[in-house]
Amino acid sequence: MKTKKLSQLIKDMKLDYCNSDITEENFPEQGKREKVSKIFKFDKNMISEEAIAEMDKEGYRPATIYELLEWDWDGKDWIFALGSVWQDRSGDRRVPYLSRGGSLRELHLCWFGYGWSGLCRFAAVRKSETPDSLISGVSGLLNSLEIKIGEKKYKLIEI
C-alpha cells in the first residue's frame, strides 16, 4: 500500500482550516506509520514530556501528524499529535492538533511546551518491536532447539 503525502492527507480530511506552517518541509515523513490505537485523556494537568512518559508506561508512543491524519477522527474532540514537533523561526516547538471550532474542522499548531489541561486528548500508537530485534530473538530461540534421539543430542537449526 502506498503511503500518502501530508498534503494529500490534509486534503482527504476535508478540513475547513489548516495552519499554513503544516507542510512536508516542516513535518517530514518519519518512517513506518502505525495506526492510532489509543486516545489518552489523563484527567490532570501536565506537560508534554509527562504525557509522553505516561504513554510509554503503557507501551505506547505519541502519534505523528501522518498517523493522526490517517486516523478516523470523529470531529468532536481536540486531538494532539505529540510525535511530530516542528521548531519555528522564533525557536518555539509546535505540535499539530485537530480541533472543531463550531462547525469547522481545523488543523492547528500549539506549543509543545504548553501545560496541557486534564481535558486534552493525545493520539497514540502501540509500540512495536523492531524487525531486527524480532529476528535476533527468533534466531536465538531456533539456535537453542535440540532433539534427543537415543543418547545423542542434535541441534535442529544452526544460523
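**Figure 1. Meet D77 and R121, a charged pair in this predicted model.**
D77 counts as partly exposed, at 29% relative accessibility. Its partner here is R121: the two form a salt bridge, and their closest N and O atoms are 3.5 Å apart. R121 is partly exposed as well, with a relative accessible area of 23%. Where do D77 and R121 lie? D77 sits in the loop between helix 3 and strand 4 (79-80), while R121 belongs to strand 8, so the salt bridge ties together parts that are 44 residues apart in sequence.

**Figure 2. R33 and E70 join distant parts of the chain.**
Let us turn to another charged pair. The side chains of R33 and E70 meet in a salt bridge, with 2.5 Å from N to O. R33 is found in the loop between strand 1 (17-18) and strand 2 (38-40), and E70 is found in helix 3, 37 residues apart. Is R33 buried or exposed? With a relative accessibility of 13%, R33 counts as buried, because the limit for buried is under 20%. E70, at 38%, is partly exposed. The pair also has company: salt bridges with shared partners join E29, R33 and E70 into one network. Across the whole structure, a search finds 13 salt bridges.

**Figure 3. K57 and E54 pair up within helix 2.**
This view stays inside a single helix. The side chains of K57 and E54 meet in a salt bridge, at 3.2 Å from N to O. The two residues are three places apart in helix 2 (residues 48-57), so about one helical turn separates them. K57 counts as exposed, with 65% relative accessibility, whereas E54, at 23%, counts as partly exposed. Side chains of opposite charge can pair when their charged atoms come close.

**Figure 4. Helix 2 has a buried face.**
Here is helix 2 again, this time with attention to its buried residues. Which residues of helix 2 are buried? They are S48, A51 and M55. Seen down the helix axis, these buried residues fall within an arc of 65°, so they line one face of helix 2. They pack against strand 2, strand 3 (60-62) and strand 8. Just after the helix, G59 takes a positive phi of about 85°.

**Figure 5. Helices and strands contribute to the largest nonpolar core.**
The largest nonpolar core has 22 residues, and those touching the most other members are L6, I22, I65, L69, L98 and L107. Two or more core residues come from each of helix 1 (6-12), helix 3 (65-70), strand 7 (104-111) and strand 8 (121-126). Helix 3 gives the largest share, with four residues. Take I22 as a guide to the surroundings: beyond residues up to four places away in sequence, I22 touches L6, I10, F27, I65, L107, H108 and L109. A second, separate core holds 16 residues, including Y60, F80, L82 and F112. In soluble globular proteins, nonpolar side chains tend to be buried together.

**Figure 6. D21 has contacts beyond its sequence neighbours.**
D21 is located in the loop between strand 1 and strand 2. D21 is partly exposed, with a relative accessible area of 30%. Which residues is D21 in contact with, leaving aside neighbours within four places in sequence? The answer is N26, F27, W86 and L109. D21 and L109 are 88 residues apart in sequence, yet their C-alpha atoms are 8.3 Å apart in space.

**Figure 7. Strand 6 pairs with strand 4, strand 5 and strand 7.**
Follow strand 6 (residues 93-101) and its partners one by one. Strand 4 pairs with strand 6 in the antiparallel sense over two bridges, and F80 stands opposite Y97 of strand 6. Strand 5 (residues 86-87) also pairs with strand 6 in the antiparallel sense over two bridges, with R94 in strand 6 as the bridge partner of W86. How many bridges join strand 6 and strand 7? These two strands pair over eight bridges, again antiparallel, and R94 stands opposite W111 in strand 7.

**Figure 8. Glycines sit in the turns of two hairpins.**
In the hairpin formed by strand 5 and strand 6, five residues lie between the strands, and G91 in the turn has a positive phi of about 95°. The hairpin of strand 6 and strand 7 has two residues between its strands, and G102 in the turn has a positive phi of about 65°.

Definitions and conventions. Residues are numbered from 1 along each chain as its sequence is written. This is a predicted model: local features need pLDDT of at least 70, side-chain atom pairs count only at pLDDT 80 or more; totals for chains, interfaces and linings use all residues. Side-chain values use heavy atoms; hydrogens and water are left out. A nonpolar core is a set of buried Ala, Val, Leu, Ile, Met, Phe, Trp, Tyr and Cys residues joined through side-chain atoms within 4.5 Å. Buried means under 20% relative accessible area, exposed over 50%, partly exposed in between (1.4 Å probe, protein chains only). Contact means heavy atoms within 4.5 Å. A salt bridge is a side-chain nitrogen of Lys or Arg within 4 Å of a carboxyl oxygen of Asp or Glu. The arc is that of the directions from the helix axis to the C-beta atoms. Two strands pair if DSSP finds at least two bridges between them.
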